[in-house]
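Reader: I am new to this structure. Could you walk me through it?

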Amino acid sequence: MSKFIKIAATTVAAAAALTSLTACSSGADKAADDKGSVYYLSFKPEQDQIWQDVAKAYTEETGVEVKVVTAASGTYEQTLKSEVAKSDAPTLFQINGPVGLKNWIDYTADLSETDFYKNLLDPSLAVTKDGKVYGVPYVVEGYGIIYNQKIMDKYFALGGAKVKSMDEITNFDTLKAVADDMQAKKGELGIEGVFASTSLKPGEDWRWQTHLADLPVYFEYQDAKVEDSDELKFTYNEQFKNIFDLYLTDSTIDPKLASSKAVTDSMAEFALGKAAMVQNGNWAFGQISEVAGNTVAAEDVKMLPIYTGHKGEEKQGLNIGTENYFSINSQASEADQKASIDFVNWLVSSEKGKKLMVEDLGFIPPFNTFTDAEQPSDPLAQEIVRYMSDSEKKSIPWVFTTFPSQTFKEDFGAALSQYAAGQMEWNKVVEIFTTEWKAEKGA
């Protein structure tokens, strides 16, 4: 914190103390002061009007003033830095995860005792430090292996099927045995391959160089008990290779063609019933349902964790995360902090607030205050909620926000493309990953 802000904060604190003493002489003034107000700094311009409507609805219901200011696209951090230095600073703002917390730790209140933190379906999704909670996700997304239940049921009915239900697929070895068997019987199943094509066309490879890579990086962070690192060994590269190879070999296409495929090609294959599985996230339901000639019924669209052969993966859930975490300004007045906490609690627990969250803002809210009927209706969103609600499963958080740069991801994707085409050995792929990571982050 700068010297200027420290002095300003001290002055404001002194003034607040004086105001508090003065208020004691007037019951009416004290009641007004205790009510507090909310100033929310939002970061999505496309949702500005919706948030204005949310604020209006809350004020009409409670009488508490809520001001919403939305930063221009790509300027959130800069705007927040400017706004927190003002006397009328945001009381409610967002951090983008553990990396963002480093910048805002001096302004984030401990949310451990708030109802909205306690209502999280998966408390591990919160941003914490030294046993305290500084950021609570208010919307999540998730990804895994999407599968067509109808095709899987057809396989289970075949003689000699490796398993009889999806409940038996809880690790990589079983997934591979099932996928290999299905690939051998693809004619009987009426599919062109188990997995839709692996899209490795430049600019279309984010499912592998970012989303799939999230798993080995997360596991390596866990081993080292860190949330970020300037150097990685890519310790779990063989596990990454396990599932990546399976995607390539039990596929609708020859691996050499992967570098020409886009995500839309892959999703169309799944939608048209040419493939039984595809790695993607809950946002992909529209890509499936809107394909002309789609043959997959909504009730048959399900999701499976991405198994790679990591020890203990039987308890693994989906890759679930967000870059949207609510934080309360610890330097705001006590009344304003309470008002902001009450506002978030209203969003996630009141009938009106919950409806606005799901129907107007379009969120998958990660809270147990939402009934099944109050959650988003599309099947993949429901799968995210189902896995978060399963206390036996541990979600894999998104750590790809710590990846060095877009250039790093593109170079890694290019290496994967060359590997898929048989033009690069796997050890070279690993070398590119580790050396470029260190070169960028360790510099």
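Author: Gladly! Let us start with a term: pLDDT is the predictor's confidence in each residue, from 0 to 100. This is a predicted model, where local features need pLDDT of at least 70, side-chain atom pairs count only at pLDDT 80 or more, and totals for chains, interfaces and linings use all residues. Residues are numbered from 1 along each chain as its sequence is written, and side-chain values use heavy atoms, leaving out hydrogens and water.

Reader: Over which residues does pLDDT stay under 50?

Author: The protein averages a pLDDT of 92, and 92% of the residues score at least 70. One stretch has 10 contacts (heavy atoms within 4.5 Å) beyond four places in sequence. With pLDDT under 50, that stretch is residues 1-32.

Reader: Why do the buried residues of α3 line one face of the helix?

Author: Helices are DSSP runs (H or I, at least four residues), strands too (E, at least two), numbered from the N terminus. In α3, Trp51, Val54, Ala55, Ala57 and Tyr58 are buried, that is, under 20% relative accessible area, with exposed over 50% and partly exposed in between (1.4 Å probe, protein chains only). Seen down the axis, going by the directions from the helix axis to the C-beta atoms, these buried residues line one face because they fall within an arc of 160°.

Reader: Which residues are exposed on the other side of α3?

Author: The buried residues of α3 pack against several elements, including β1 (38-42) and α15 (334-349). On the other side, the exposed residues are Gln49, Lys56 and Glu60.
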